[in-house]
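This report describes one helix and the sheet beside it, taking the strands before the helix.

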Amino acid sequence: MVSSQQETEPTEEPAKKTSTVLVIDDNPQHLKIYCWMLQRKGYHCIPALVGSTSVQLPTSGPVCMVLLDYRLNSSLTAADVAEQLQTGFASAPIVILSELPWMPDGADRYAKAFVHKGEHELLFETVAKFCGQSA
């Protein structure tokens, strides 16, 4: 009898490398929510909280992208933070996250993409695009 299914030995799948996203926001709850959402999709997150006058960024590291809140309740602007990112994360694309309906004027100088807060599927698609994983 000929079987329509071929018998093959099981093969081990190569370990899936987890991509890391640097998430920057001035609101601790937003940091927690966005990191949780991305972790549920299989990403590793490094949260960075923006304070009133500074942001505590990791020194460097392999991150596939930076998710940066645009409106910061700080003396720092998103452009200021983007400038600081040039030190340790110059090759990581920056994606602006904002409640604004479109990319803010001038943000395209340092940001590669824009995601409106609340558009979670677009967020996942954008992260997958920059991190090379399926959404």
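## Sheet and helix α1

In this predicted model, strands β1 and β3 run parallel and are joined by four bridges. Within this pairing, Ile24 has Leu68 of β3 as its bridge partner. The pair belongs to an open sheet of five strands, ordered β2-β1-β3-β4-β5 with parallel pairing, in which β2 and β5 (113–116) are the edge strands, each pairing on one side only. From one strand to the next the twist averages 20 degrees. Helix α2 (residues 78–88) packs on this sheet, where α2 touches β1, β3 and β4 and its direction makes about 155 degrees with that of β3.

Helix α1 (residues 28–40) has 13 residues and reaches 18 Å from its first C-alpha to its last, close to the 18 Å expected at 1.5 Å a residue. Leu31, Tyr34, Cys35, Met37 and Leu38 of α1 are buried, and because they cover an arc of only 160 degrees around the axis, they lie on the same side of α1. The face turned away from that buried side carries the exposed residues Lys32, Trp36 and Arg40.

The elements against which the buried residues of α1 pack are listed here.

| Element | Residues |
|---|---|
| β1 | 20–25 |
| β2 | 44–49 |
| β3 | 65–69 |
| β4 | 94–98 |
| α3 | 120–131 |

At the N-terminal end of α1, Asn27 acts as a cap, with a side-chain oxygen 2.8 Å from the backbone nitrogen of Gln29, while just after α1 Gly42 takes a positive phi of about 100 degrees.

Terms used: Residues are numbered from 1 along each chain as its sequence is written. This is a predicted model: local features need pLDDT of at least 70, side-chain atom pairs count only at pLDDT 80 or more; totals for chains, interfaces and linings use all residues. Side-chain values use heavy atoms; hydrogens and water are left out. Helices (H or I, at least four residues) and strands (E, at least two) are DSSP runs, numbered from the N terminus. The expected span of a helix is 1.5 Å times one less than its number of residues. Buried means under 20% relative accessible area, exposed over 50%, partly exposed in between (1.4 Å probe, protein chains only). The arc is that of the directions from the helix axis to the C-beta atoms. Contact means heavy atoms within 4.5 Å. A polar contact is a pair of N or O atoms within 3.5 Å; within protein, one must be able to donate a hydrogen and the other to accept it, and residues adjacent in sequence count only if both atoms are side-chain atoms. Two strands pair if DSSP finds at least two bridges between them. Axes are lines fitted to C-alpha atoms, for helices over the stretch in contact, and angles run from 0 to 180 degrees between N-to-C directions.
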